[in-house]
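I wanted to go through this one with the viewer open and jot things down as I went. Here is the entry.

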There are 4 protein chains.
Amino acid sequence: MVLTEKHRHILLKAEELFAVRGFDGATVRDIADAAGVNLAMISYYFGSKEKLMEALFRERMTLMRIRLETLIMDDNYTPIQKVDILIDEYVNKVIQQQSFYKIMLCEQVINNNPLVLKMLRELKLSYANLVGVLIEAGQKQKIFKKDIDVMFLLNTMTGTVTQMVINKEYYKEYNNYKKLNAADFNELLRTKLSAHVKLVFKAILGYEQ
Amino acid sequence: MVLTEKHRHILLKAEELFAVRGFDGATVRDIADAAGVNLAMISYYFGSKEKLMEALFRERMTLMRIRLETLIMDDNYTPIQKVDILIDEYVNKVIQQQSFYKIMLCEQVINNNPLVLKMLRELKLSYANLVGVLIEAGQKQKIFKKDIDVMFLLNTMTGTVTQMVINKEYYKEYNNYKKLNAADFNELLRTKLSAHVKLVFKAILGYEQ
Amino acid sequence: MVLTEKHRHILLKAEELFAVRGFDGATVRDIADAAGVNLAMISYYFGSKEKLMEALFRERMTLMRIRLETLIMDDNYTPIQKVDILIDEYVNKVIQQQSFYKIMLCEQVINNNPLVLKMLRELKLSYANLVGVLIEAGQKQKIFKKDIDVMFLLNTMTGTVTQMVINKEYYKEYNNYKKLNAADFNELLRTKLSAHVKLVFKAILGYEQ
Amino acid sequence: MVLTEKHRHILLKAEELFAVRGFDGATVRDIADAAGVNLAMISYYFGSKEKLMEALFRERMTLMRIRLETLIMDDNYTPIQKVDILIDEYVNKVIQQQSFYKIMLCEQVINNNPLVLKMLRELKLSYANLVGVLIEAGQKQKIFKKDIDVMFLLNTMTGTVTQMVINKEYYKEYNNYKKLNAADFNELLRTKLSAHVKLVFKAILGYEQ
DNA sequence: CATGAATGAGCGTTCATTCAT
DNA sequence: CATGAATGAACGCTCATTCAT
């Protein structure tokens, strides 16, 4: 399926609504209105509401695994450097694509779309496998501790970052960051999250700078 | 509002369905069928589907803050002990009430119920405040590092635990725990999560055992 | 499925509309309006538009085969008398239930409902078998000719009667029966059809009065 | 309106689909796909779906009346011969154009197209009138009985033939003609139908060979 | 002439809720 | 208290048709 600019525009608006109202809560009429297109266009372009969701996942998830694979196989970085890059890139992605990561979170819980479930499963497992390779490389070089649980490691990162993004308004309120504009606040969140997760990873992986 | 046994039974079944299908995905008919009560009873008992959700949140969240307050104010424990208890109790609660924590997660993202939003907000902020008190106490005793970001700390715990619970089937598959029954696997998850979060907290708070 | 008076009322109105506009042409909204019930009642009572049609067929076809079976097995009549009764009863039924016989006719052609198709098939074949028994009895008594093709015989009756009913307005116009009211015209049609088909059957079966 | 080869090709495919799914059940998209033409061409060529149906009726019905008129007025045949030719030609036409005769049957019942209704009415009445002339000629020659009801006569033919064509699969099954290919079975049907209707007509018209 | 894109209207169905009993 | 029946609103989707190119 080749996506035109209009396809992508609809996907973007759908993404925003799915993130705010959930899949069932966002109606096709809502999406069509938000995208400024006719109601029938959604079915015309994507086939159905379900397939729209699938197209969104396909579009957003395509590059994820490839990027990770490239990073893990890259010989120019040490395992520690790779871990840092991994964290930076993940935090950046979540900050930039907050809507999609919110949808992903809910789809992992609710899940009523088999194809989305399949894509999520493949992503999760291939992520664990690839990071597993990285961990083992570090362990062979005696940089990382033995007995690292890859899934605990990854879920600590994804969980922490997602929670911060979900609760960012409370964070803003709690720390009185109300004067910051959205972009600055995101940048602050990005920096802090990156540093925080790196600190945590050092403890888990057992290395010092 | 006084809840009878029947109220609680309906809430339990509603909780299970909301966790699996989401608020919009679980129909009142589904819930009535699952609870073995007449469809009209839901409205009769709770007023509406929305108020049913609110009652569920009220019921499940009532004891949370009180328990934390008691713990923080308890003079029989050191700050480090309190942190350990906090983690243990949180992990236990999430493992035991997986359905409700899944619902909470989605409601934080989706949110279309102002009252639920309000309850979540109050819980989040009072949690941060109470744990803030605990952190400051530890800092005064020079046990914890300066510059602890309470929200980062808490979200690391909640994020990690929730992610592990959400993805527990992948964890089972990845580690070949298929032979374990549900109870044993939950127990294993509980133990591992508790230890893991404690390790991470030490790194963030900056103390050694 | 137990049919109440309201069920039957809806079926009656649906029957009229299906006969005039066809299954696809008659909308659920039309039927609900005609029956004076809420739109959602159709699904509530019958499950779906398709199942409404199936219920109509089940309701109308239930007694057909039983009546024929009773007649064929009845020892009080000669084969010739049975043929006459068969014709009289068929003509009466079609005249009385013109709408349903129109629907039946179209469903035999169009057919997009497997269950209706199945019911029609069973009716057709069991009719052929039962009348086959009657013919053989008459042949053994040397009353009927050898080599009677039961399906040709039956389709001559059903075809002739249905055509006359379908085209009854042209018949009225062609014969200047416009002064007759609907009931009288139906009665005239009934009498003429009965006599006509009996004449034709004599020729096919090869007997004289 | 002048019909090109492409017009005729579309009409042919539309005819097949209308016969199988009915006018409402066959979508313009289906027809366009079946004909291998662009969807918009249907409207472009015929104006609308309704007008496509009208064009189909106009195309198929054009020659019918003319042929009958010629036959009736032909002085080379006796009334009996004319009746036989009439039957043969009608049976042949229905067997050859089964799809169109199925559509005609449904349109007589359902009727939502005034123009089609008008064409059907004219055909019916002019047929009755023309055959009426033939009958009167035979009556004057004392070949046919008095008091022949032309419409009964004609509807016996059309009804019998149409019913046999509609139910031909049951006929095949009932008589175990499954080994016959479609062409052979049609030929068998044609022969039998022709003989059968001639037999019936003799009885109605009251003559012997 | 021919076409891919687009649209308003309307489809069958399901929903949370209400009400008479 | 409890319930089967009933309902208005809205759902996702498909339809015949149109239009810019």
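My notes below cover the DNA surface and then the way the chains are related.

**DNA strand E, surroundings.** This is a predicted model, so I kept that in mind throughout. I looked up what sits around DNA strand E and got 30 residues. The closest are A:Asn38, A:Tyr45, B:Lys49, C:Lys49 and D:Asn38. I then checked which part of the strand the protein touches: sugar and phosphate make up 64% of the atoms of DNA strand E that come within 4 Å of the protein.

**Residue classes.** I sorted the surface near DNA strand E by class and found 16 nonpolar, 8 polar and 6 charged residues.

**Polar contacts.** I pulled up two phosphate contacts and one to a base. The side chain of D:Asn38 puts an N or O atom 2.9 Å from a phosphate oxygen of DNA strand E. B:Val28 uses a backbone N or O atom instead, 3.1 Å from a phosphate oxygen. For A:Tyr44, a side-chain N or O atom is 3.4 Å from a base nitrogen. Next I asked which elements give two or more residues to this surface. They are α3 (39-46) of chains A, B, C and D, plus α2 (28-35) of chain C.

**Chains A and B.** I laid chain B on chain A: the RMSD is 0.2 Å, with a turn of 179° and a shift of 0.1 Å along the axis. The two copies are therefore related as by a two-fold rotation axis. In chain B, I found the C-alpha nearest that axis at B:Gly159, 1.8 Å away. I also compared interfaces: 96% of the interface residues of chain B are interface residues in chain A too, so the copies meet through the same surface.

How values were computed: Residues are numbered from 1 along each chain as its sequence is written. Chains are lettered from A and ligands numbered from 1 in the order in which they are written. This is a predicted model: local features need pLDDT of at least 70, side-chain atom pairs count only at pLDDT 80 or more; totals for chains, interfaces and linings use all residues. Side-chain values use heavy atoms; hydrogens and water are left out. A residue is near a molecule or strand if one of its heavy atoms lies within 4 Å of it. A polar contact is a pair of N or O atoms within 3.5 Å; within protein, one must be able to donate a hydrogen and the other to accept it, and residues adjacent in sequence count only if both atoms are side-chain atoms. Helices (H or I, at least four residues) and strands (E, at least two) are DSSP runs, numbered from the N terminus. Ala, Val, Leu, Ile, Met, Phe, Trp, Tyr, Cys and Pro count as nonpolar, Asp, Glu, Lys and Arg as charged, and the others, Gly among them, as polar. Copies are superposed by least squares on the C-alpha atoms of residues with pLDDT of at least 70 in both. Contact means heavy atoms within 4.5 Å.
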